[in-house]
Amino acid sequence: MGVGTTQSSNIWLDASKSKGLQLEGRWLRRNGQIVAEMNLTNRALQPLDGFAIQFNSNSFGLIPLSQFNPGTIFPNQTISTTLNCSTNGPVQKMEPLSNLQVAIKNNIDVFYFAVVLPLNVYFDESGQMDKRDFLQLWKDIPEQNEIQFTIQNTKGLSADDICSVLQQNNVFTVARRTVDGQELLYHSIKYTNQVFILSELKMQRQNATLTLSLKSRHLSAIANLSEHYQLLLDSAMPAKLM
């Protein structure tokens with residue numbers, strides 16, 4: 001099964017700029033593995049074949065795990081294919097964190113593009129932390145490594161709704177408590193490179209503004225994470241009242 005929220009397909013290569021090759025794709029996490037789903041369309045006047053793909057070094061060591069071999073694509077034909085990936089490759093910090101530079105080759109030429117992967121494809125299934133371990137790590141990480149954001153609960157999600165959509169995306173609920181009318185939700189994330197992110201989400205009734213605090217030993221790992229939380233909440237459907 002795939003991890004909860006997935007992005008829609010985007011154009012990675014435009015046929016007008018890549019000699020007739022149109023490449024659309026999206027990234028998802030399926031059965032603990034990162035997968036690229038791609039549609040390749042031939043808008044040239046001759047068949048396209050001899051395909052190969054290569055990733056530059058990146059923040060998470062993402063590399064193709066399987067051969068990229070969609071076969072021969074004839075003019076005006078579209079072929080769908082998937083590319084399984086692993087995170088055992090060379091590492092180089094990128095900006096933004098999940099930016100990936102790709103080279104794709106065929107019998108015509110070599111083409112280059114960059115794509116920013118959704119962060120949740122790097123959220124490992126083993127990210128659930130014990131309460132005591134969470135609390136100890138929260139104390140051990142210095143205060144300057146905590147960053148606070150505000151995000152919007154535009155759909156009026158309940159705490160249960162929020163925990164559900166986060167859990168579907170490998171953001172694991174560690175604890176929940178209520179203090180002075182505020183509901184506090186604590187979650188843990190583990191990236192595929194073993195870096196942990198701890199989060200506290202503060203909710204108040206009748207208030208769509210949520211306060212998100214993120215903490216990690218590695219500040220760069222927090223970089224775009226608040227935007228991803230917002231995307232997950234925006235994608236969620238509130239539970240129906242019986």
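Here are a few exercises on backbone oddities and aromatic ring pairs, with worked solutions.

Before you start: this is a predicted model, in which local features need pLDDT of at least 70 and side-chain atom pairs count only at pLDDT 80 or more, while totals for chains, interfaces and linings use all residues. Residues are numbered from 1 along each chain as its sequence is written, and side-chain values use heavy atoms, with hydrogens and water left out.

**Exercise 1.** Find where Pro96 sits and work out whether the peptide bond from Glu95 to Pro96 is cis or trans.

Solution. Start with the location: Pro96 belongs to the loop between strand S6 (78-86) and strand S7 (99-105). Strands (E, at least two residues) and helices (H or I, at least four) are DSSP runs, numbered from the N terminus. Now check omega: going from Glu95 to Pro96, omega is near -5 degrees, and the bond is cis.

**Exercise 2.** Look up the sign of phi at Gln194 and at Gln206, then place each residue.

Solution. Take Gln194 to begin with: its phi is positive, about 75 degrees, although it is not a glycine. Gln194 lies in the loop between strand S11 (182-190) and strand S12 (196-204). Next, Gln206 has a positive phi of about 60 degrees, and it isn't a glycine either. You'll find Gln206 in the loop between S12 and strand S13 (209-215). Is Gln206 buried or exposed? With a relative accessible area of 85%, Gln206 is exposed (exposed means over 50% relative accessible area, buried under 20%, partly exposed in between; 1.4 Å probe, protein chains only).

**Exercise 3.** Classify the ring pair Phe60 and Tyr122 as stacked or edge-to-face.

Solution. Rule: rings of Phe, Tyr and Trp (its six-membered ring) pair if their centres lie within 6.5 Å; planes under 30 degrees apart are stacked, over 60 edge-to-face, the rest tilted. That rule gives 9 aromatic pairs. For Phe60 and Tyr122, the centres are 3.9 Å apart and the planes are at 15 degrees, so this pair is stacked. Along the chain the two are 62 residues apart, with Phe60 in the loop between strand S4 (52-55) and strand S5 (63-64) and Tyr122 in the loop between strand S8 (110-116) and helix H1 (131-140). Phe60 is buried at 5% relative accessible area, and Tyr122 is buried at 2%.

**Exercise 4.** Do the same for Phe134 and Tyr186.

Solution. Their ring centres are 6.0 Å apart and the planes are at 75 degrees, so call this pair edge-to-face. Phe134 is in helix H1 and Tyr186 in strand S11, 52 residues apart. Both Phe134 and Tyr186 are buried.
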